[in-house]
Amino acid sequence: MKNKTFREERSGQILVITALVISLLIISTTQYFYQLQAENKANEKIPTEILLAIKVGAFRTVEVSLANITNGGSNTTLEENVNEWIKSLRIRNTYGILVANTSLWNIPPYNSGLLINWSENGYGISSACTNFSFRLLGTKFDVHFDFFANITTTLRVDGYYQIQGGEKNVVLICEVLNEGNPALAKGFEVSYYNGTRWINVEDFSLTDYGNGTYRITFNAIVESKDVNVSVGVIDTRGIYAQANKTLQRSRKT
Amino acid sequence: MKIRENRKGQIRIIEAFFSALLIISALLLTSSLNYPNKEETLDELTQMGINVLLELDNNGTLAEFIDNQDWLGIKRSLEILLPNGVWFNLTVFDNNMTVLNQDFSITNGKAPSQRKASIEYLCVSRKTTFQVYTVRLQLAKVG
């Protein structure tokens, strides 16, 4: 009877303590899940966007360098530009400590990150390739990422000629590719060899099929049986590629 | 004896009231944690800013606008890409951190008093002469 009275007297205090424990449990559990969610958000989202921004910059640097080199710039431009971009990135990066390593692709046919082959068989390639390796160390993330920035403009030229009066009517089919995919051209340069020198063709007719394929026609005055042509293209990125081809007479009418 | 028992009843009520108060306040506190706080809004704005700049730069538009000093083009693009109720101010710097758009403010109004998110983005020029621009975009929620 005495025990019962004691229990009855303390039951109110037990109620308060139980309520306190429940409250603490609610608060700590909710805060734990909240923090976990916030950490995951920081871990997943922020570095992805930074990575993309860095990738866009790296590809653009290689692209601009290749445009410069193929338009008469020095072959060292690629290395100089990549170094300058990395320097700017280190200075301006506000997301954490950035460790960057770059290497110009040197495995044949590439040399010092470049492959420029403007051949005689109707195929021309202008390409630059650099390997980038980054480590971004922030307060809530430590990300390691590597990628290759490969920029390639390819030109394929094929064609034939037909005799038209005293002249040779040349028909060329040109295909422009960016990283292996059809791409648009900003402009073409066409010339042919007349036996003594290269003649620049000013008034050629150009048909754009809209899918990276172009048809060029012009008249050439050439004595020889075959006609040597040279086609140069500047793509929309400003990269120049050139291909030479020896054309033969077509019997088609 | 009777008076004492009556008082006990009042104490029980106070204790029960106090217990209920504890649990309710705990629930109120946790529910307030689920709402985004100022810090979260700032992260959201930072992400929005980087995404907008990435979208503009990915296809070379941003670099072309800067190369051609087409500040109005940048302003119009930001007005289209950013949602209503977001204030922006964009500044373009060259390699030496000299402001390039000194004569034209790329903004959609007066700076609000709210906290601002500031994003610094590196944009490589499309000119054959190599140039890296620093683009500083400030964003804030209005209202």
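This is a short tutorial dialogue on reading a predicted model with chains A and B.

Trainee: Let's begin where the chains meet. How many residues does each chain bring to the contact?

Mentor: A general point to begin with: the size of an interface is often given as the accessible area lost when the parts come together. Here we can go by residues instead. Chain A brings 33 residues to the contact and chain B brings 29 residues.

Trainee: Which elements of chain B supply at least two residues of the side that touches chain A?

Mentor: Two helices and two strands of chain B do: helix 1 (2–34), helix 2 (38–58), strand 3 (117–124) and strand 4 (132–141). Helix 1 of chain B gives the most, with 13 residues.

Trainee: And what is the make-up of that side of chain B by class?

Mentor: You'll find 16 nonpolar, 8 polar and 5 charged residues on the side of chain B that touches chain A.

Trainee: Okay, on to strands. How should I read the pairing around strand 3 of chain A?

Mentor: The general idea is that strands of a sheet pair through backbone hydrogen bonds, either parallel or antiparallel. Now take strand 3 of chain A, residues 123–137. It runs antiparallel to strand 1 (residues 97–104) of chain A, with 8 bridges joining the two. Strand 2 (residues 114–118) of chain A also pairs with strand 3 in the antiparallel sense, over 5 bridges. Then there's strand 4 (residues 142–164) of chain A, antiparallel to strand 3 and joined to it by 15 bridges.

Trainee: Which residues could I click on to see those pairings?

Mentor: Try Asn131(A), which is the bridge partner of Ser103(A). Asn131(A) also stands opposite Phe148(A) in strand 4 of chain A. For strand 2, look at Leu115(A), which faces Ser127(A) in strand 3 of chain A.

Trainee: What about the turns? How many residues lie between the strands of the hairpin of strand 2 and strand 3 of chain A?

Mentor: There are 4 residues between them, and in this hairpin Gly122(A) takes a positive phi near 85°. Strand 3 and strand 4 of chain A form a hairpin too, with 4 residues between them.

Trainee: There's a sheet with the order 8-7-11-12 in chain A. Which are its edge strands?

Mentor: Strand 8 (198–201) and strand 12 (240–247) of chain A, as each pairs on one side only. The sheet is open, has 4 strands and pairs antiparallel. Its neighbouring strands are turned by 25° against each other on average, direction ignored. Inside it, 8 bridges join strand 7 (residues 185–193) of chain A to strand 11 (residues 227–235) of chain A. Ala185(A), for instance, has Asp235(A) as its bridge partner in strand 11.

Trainee: Now the core. Which residues have the most contacts inside the largest nonpolar core?

Mentor: Val170(A), Cys174(A), Val231(A) and Leu53(B), in a core of 73 residues. Helix 1 (residues 2–70) of chain A gives the most to this core, with 10 residues. As for Cys174(A), leave aside its neighbours within four places in sequence and you get contacts with Leu155(A), Val157(A), Tyr214(A), Ile216(A), Val231(A) and Val233(A).

Trainee: Last one: why does Ile86(A) count as partly exposed?

Mentor: Because 19 other C-beta atoms lie within 10 Å of Ile86(A), while a buried residue needs 20 or more. Ile86(A) sits in helix 2 (residues 77–92) of chain A. Not counting residues up to four places away in sequence, Ile86(A) touches Ala100(A) and Thr102(A). The C-alpha atoms of Ile86(A) and Asn101(A) are separated by 8.8 Å, with the two residues 15 apart along the chain.

Technical notes
Residues are numbered from 1 along each chain as its sequence is written. Chains are lettered from A and ligands numbered from 1 in the order in which they are written. This is a predicted model: local features need pLDDT of at least 70, side-chain atom pairs count only at pLDDT 80 or more; totals for chains, interfaces and linings use all residues. Two residues are in contact if their C-beta atoms, placed from the backbone, lie within 7 Å. Ala, Val, Leu, Ile, Met, Phe, Trp, Tyr, Cys and Pro count as nonpolar, Asp, Glu, Lys and Arg as charged, and the others, Gly among them, as polar. Two strands pair if DSSP finds at least two bridges between them. Axes are lines fitted to C-alpha atoms, for helices over the stretch in contact, and angles run from 0 to 180 degrees between N-to-C directions. A nonpolar core is a set of buried Ala, Val, Leu, Ile, Met, Phe, Trp, Tyr and Cys residues joined through C-beta atoms within 7 Å. A residue is buried if 20 or more other C-beta atoms lie within 10 Å of its own, exposed if 12 or fewer, and partly exposed in between; C-beta atoms are placed from the backbone.
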